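I opened this entry to look up strand pairing and charged side-chain contacts. My notes follow the display.

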Amino acid sequence: MKLAGLKSIENAHDDSVWAATWVPATDERPPLLLTGSLDETVRLWSSDELTCQATNTGHCLGVVSVAAHPSGVIAASASLDSFVRVFDVDQNNTIATLEAPPSEVWQMQFDPKGTTLAVAGGGSASVKLWDTAEWKLIASLSIPRPEGLKPSDKSGNKKFVLSVAWSPDGRQLACGSMDGTISIFDVPRAKFLHHLEGHFMPVRSLVYSPVDARILFSGSDDAHVHVYDTEGKSLINAMSGHASWVLSVDASPDGAAIATGSSDKTVRLWDLKMRAAVQTLSSHTDQVWAVAFRPPGGPGVRAGRLASVSDDKSISLYDYS
């Protein structure tokens, strides 16, 4: 796989762009790129031209996370204003507002079936699960303290949860914390399984392999990208190359590569067989907060795409084959 720069939109938002994901295609339209910014807005962009299709307002502080339902019909945005807003993608109207106390929402993701929205619970050291039929809170999975800590140990407050990811079968949920640990939960049983260790700084991004439900990729402020076997509880590989924090990681639809965005202002493409970065792209002039591979499918969609967004207010789109 090789990435080629396709398009960059300068000043895509009025402030830093901190979140991006693809809204899956429906029968009527191709996928859309969804972005969230510190300018308090969420925007939807056409798949290839990157023309702005809609701007969603309503938050009163910066947007830190966006998530798309697998149906492509609804999406959610989370803001520093302590609210999660759920909206209809094509009608651009709000259908639910979920209240999340201060510092409670950092990352969100819908499960593969679309029945549950998992929200990284920030300062409460938990992950909140919301039912998407009635938008009610149905569970709160608490992150346990690692073994060996005394009750008086002050590092307990470092269990601030930054990132979440669902396994492709929807059975496991991975949660990345400020202290560098990753917690794995069995969701149907609402049971904590184990910690994955190896990072020693905040884990800001997680994604499971789309082709193997056991494989988890993580990006951390320690500038490393890790590959874990979540069932074997083992670190398979630690990859280095970025000069600073790894803020985002995403896996290609075929599971053969991952892309990362970093505060070193670059996007890197990693070949998983070679276990190394095979390409470094420098289309941004500031921190790259999110990278997202476009899901396959949809009317008129052929080639693969990767999008990245940055503190420099821009969106970059890459072609890959």
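The entries below cover one sheet and then the salt bridges.

Entry 1, the sheet. I am working from a predicted model. I looked up the strand order and found an open sheet of four strands, β2-β3-β4-β5, paired antiparallel. At its edges I noted β2 (17-23) and β5 (52-56), each pairing on one side only. The average turn between neighbouring strands of this sheet is 20°, direction ignored.

Entry 2, one strand pair. I checked β3 (residues 32-37) against β4 (residues 42-45): the two run antiparallel and are joined by four bridges. Within this pairing I found G36 opposite V42 in β4.

Entry 3, salt bridges. I counted eight salt bridges in the structure. One of them joins the side chains of D48 and R305 at 2.7 Å, N to O. D48 sits in the loop between β4 and β5 and R305 in strand β27 (residues 304-310), so I logged a link between distant parts of the chain, 257 residues apart. I then looked up burial for this pair: D48 is partly exposed, with a relative accessible area of 30%, whereas R305 is buried at 10%. D48 and R305 also belong to a network of salt bridges with R294 and D319.

Entry 4, two further pairs. The side chains of D221 and R204 meet in a salt bridge at 2.6 Å, N to O. D221 lies in the loop between β19 (215-220) and β20 (224-229) and R204 in strand β18 (residues 203-208), so the pair ties together parts 17 residues apart in sequence. D221 counts as buried at 5% relative accessibility, and R204 is buried at 19%.

I also looked up R189 and D186, whose side chains form a salt bridge at 3.0 Å, N to O. Here R189 is exposed at 52% relative accessible area, while D186 counts as buried at 9%.

Note on methods
Residues are numbered from 1 along each chain as its sequence is written. This is a predicted model: local features need pLDDT of at least 70, side-chain atom pairs count only at pLDDT 80 or more; totals for chains, interfaces and linings use all residues. Side-chain values use heavy atoms; hydrogens and water are left out. Two strands pair if DSSP finds at least two bridges between them. Axes are lines fitted to C-alpha atoms, for helices over the stretch in contact, and angles run from 0 to 180 degrees between N-to-C directions. A salt bridge is a side-chain nitrogen of Lys or Arg within 4 Å of a carboxyl oxygen of Asp or Glu. Buried means under 20% relative accessible area, exposed over 50%, partly exposed in between (1.4 Å probe, protein chains only).
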